[in-house]
Amino acid sequence: LIEKSGPVFLSMPEIVTAIRNYLCPALLRITVSTHREIFSLTLAIWTSLLTHFRYHLKREISAFFSVLSSLLESFFSTHWQKIMIIDTIDRVLQHPQLVMDLFVSFDCDINSPNLVEDLIVNPIARLVQLTHAESSTQGGSSITGASPESEIKERGVQSLVLFLKSLVVWTSNRREIHDDTPSPATSRATFASLGDTKRLKH
């Protein structure tokens with residue numbers, strides 16, 4: 001219904017209120033489900049809400065990524081849960097404008113958590129470092145193929161690369177919009193300077 005609806009329907013206050021008061025609380029409760037099909041469907045619904053309602057569900061989106069971050073770094077999470085979470089994050093990172101909207105809405109807001117930095121990028125980076133240490137301790141891949149830890153590490157590295165590519169695409173798009181093309185140094189500093197806006201408020 002959400003994917004096939006138009007902008008008028010999606011912006012109706014009644015729809016937004018129903019999603020915020022009923023759908024999101026239910027989704028948050030089952031996001032920690034250990035049932036594979038339920039977990040997968042829940043992540044898919046959250047991704048759709050993030051795409052279409054990110055301007056209306058700021059608190060709910062923050063709670064969702066907090067849960068994902070905790071599951072991603074938990075020793076009690078299964079291998080398939082972590083892979084599905086990385087898949088979900090990758091779907092977000094494939095949209096440069098969505099990434100930047102989240103960064104501006106959360107990381108640049110002094111009253112909000114650093115969602116992109118603390119709940120997406122850093123957890124993945126820590127996961128990569130942790131799985132690298134585990135793989136080294138265990139002697140790397142087994143005879144039958146790559147270990148689950150190695151797979152998670154590889155997927156995590158790919159996610160970080162995808163994040164950087166997303167920033168490059170967003171910066172390149174801004175160059176095309178403005179007549180005055182910034183220098184390479186300025187382009188590389190664009191994302192960092194936005195983050196500094198929040199730090200200067202403290």
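User: Hello! I am new to this structure, so let me start with charged pairs: how many salt bridges does the count come to?

Analyst: Welcome! Side chains of opposite charge can pair when their charged atoms come close. This is a predicted model, and a pair is counted here when a side-chain nitrogen of Lys or Arg is within 4 Å of a carboxyl oxygen of Asp or Glu. By this rule, the number of salt bridges is six.

User: Before we look at them one by one, which elements make up the protein, and in what number?

Analyst: Running from the N terminus, the order of elements is α-α-α-α-α-α-α-α-α. No strand breaks up that series, as the protein has zero strands and its helices number nine.

User: How far apart in sequence are the partners Arg-126 and Glu-73?

Analyst: These two side chains form a salt bridge, with 2.8 Å from N to O. Arg-126 sits in helix 7 (residues 115-138) and Glu-73 in helix 4, so the pair links distant parts of the chain, and the separation is 53 residues.

User: Is Glu-73 buried, partly exposed or exposed?

Analyst: Buried means under 20% relative accessible area and exposed means over 50%, with partly exposed in between. The relative accessibility of Glu-73 is 30%, so this residue counts as partly exposed.

User: Leaving aside neighbours within four places in sequence, what is Glu-73 in contact with?

Analyst: Glu-73 belongs to helix 4. Its C-alpha is 8.4 Å from that of Ile-124, although 51 residues separate the two in sequence. With the neighbours within four places set aside, the contacts of Glu-73 are Pro-123 and Arg-126.

User: Which residues are linked with Arg-155 in a network of salt bridges?

Analyst: Arg-155 meets Asp-87 in a salt bridge of 2.4 Å, N to O. Because Arg-155 lies in helix 8 (residues 148-177) and Asp-87 in helix 5, this pair ties together parts that are 68 residues apart in sequence. Arg-155 is buried at 17% relative accessible area, while Asp-87 is partly exposed at 27%. The network links Arg-155 with Asp-87 and Asp-90.

User: In the salt bridge between Glu-60 and Arg-59, how far apart are the closest N and O atoms?

Analyst: The two partners sit in contrasting surroundings: Glu-60 counts as buried at 7% relative accessibility, and Arg-59 counts as exposed at 66%. Their closest N and O atoms are separated by 3.8 Å.

User: How many disulfides does the structure hold?

Analyst: A disulfide is a covalent bond between the sulfur atoms of two cysteines. Cysteines are present here: Cys-24 counts as buried at 0% relative accessibility, and Cys-108 is buried too, at 10%. Even so, the number of disulfides is zero.

User: Let us go inside: which residues touch the most other members of the largest nonpolar core?

Analyst: In soluble globular proteins, nonpolar side chains tend to be buried together. The largest nonpolar core of this protein has 46 residues. Two or more residues each come from helix 2 (13-30), helix 3, helix 4, helix 5, helix 6 (96-107), helix 7 and helix 8. The members that touch the most others are Leu-49, Phe-53, Ile-61, Phe-65, Leu-102 and Leu-115.

User: Not counting residues up to four places away in sequence, what does Leu-102 touch?

Analyst: Leu-102 is among the core residues that touch the most other members. Beyond four places in sequence, its partners are Leu-50, Ile-61, Val-92, Asp-107, Leu-115 and Val-116.

User: Which residues is Ser-48 in contact with, leaving aside its neighbours within four places in sequence?

Analyst: Ser-48 is part of helix 3 (residues 36-53). It is buried, since its relative accessible area is 8%. Its contacts outside those neighbours are Ile-2 and Glu-3.

User: Now for the outside: which residues make the nonpolar surface patch of about 410 Å²?

Analyst: One member, Phe-75, is in the loop between helix 4 (58-73) and helix 5 (79-93). Phe-75 counts as exposed because its relative accessibility is 66%. The full patch is made by Phe-75, Phe-76 and Leu-130.

User: To finish, what share of the protein's residues is buried?

Analyst: The accessible surface comes to about 11,400 Å², and carbon and sulfur atoms hold 61% of that area. Among contacts with a separation of 6 or more, 67% join residues 24 or more positions apart. Of the 202 residues in the protein, the buried share is 41%.

Notes:
Residues are numbered from 1 along each chain as its sequence is written. This is a predicted model: local features need pLDDT of at least 70, side-chain atom pairs count only at pLDDT 80 or more; totals for chains, interfaces and linings use all residues. Side-chain values use heavy atoms; hydrogens and water are left out. Patches are made of residues with over 30% relative accessible area and no salt bridge: like charges are joined within 9 Å, nonpolar side chains (Val, Leu, Ile, Met, Phe, Trp, Tyr) within 5 Å. Accessible areas come from the Shrake-Rupley method with a 1.4 Å probe; for residues, only the protein chains shown count as cover. Helices (H or I, at least four residues) and strands (E, at least two) are DSSP runs, numbered from the N terminus. Buried means under 20% relative accessible area, exposed over 50%, partly exposed in between (1.4 Å probe, protein chains only). A disulfide is a pair of cysteine sulfur atoms within 2.5 Å. Contact means heavy atoms within 4.5 Å. A nonpolar core is a set of buried Ala, Val, Leu, Ile, Met, Phe, Trp, Tyr and Cys residues joined through side-chain atoms within 4.5 Å.
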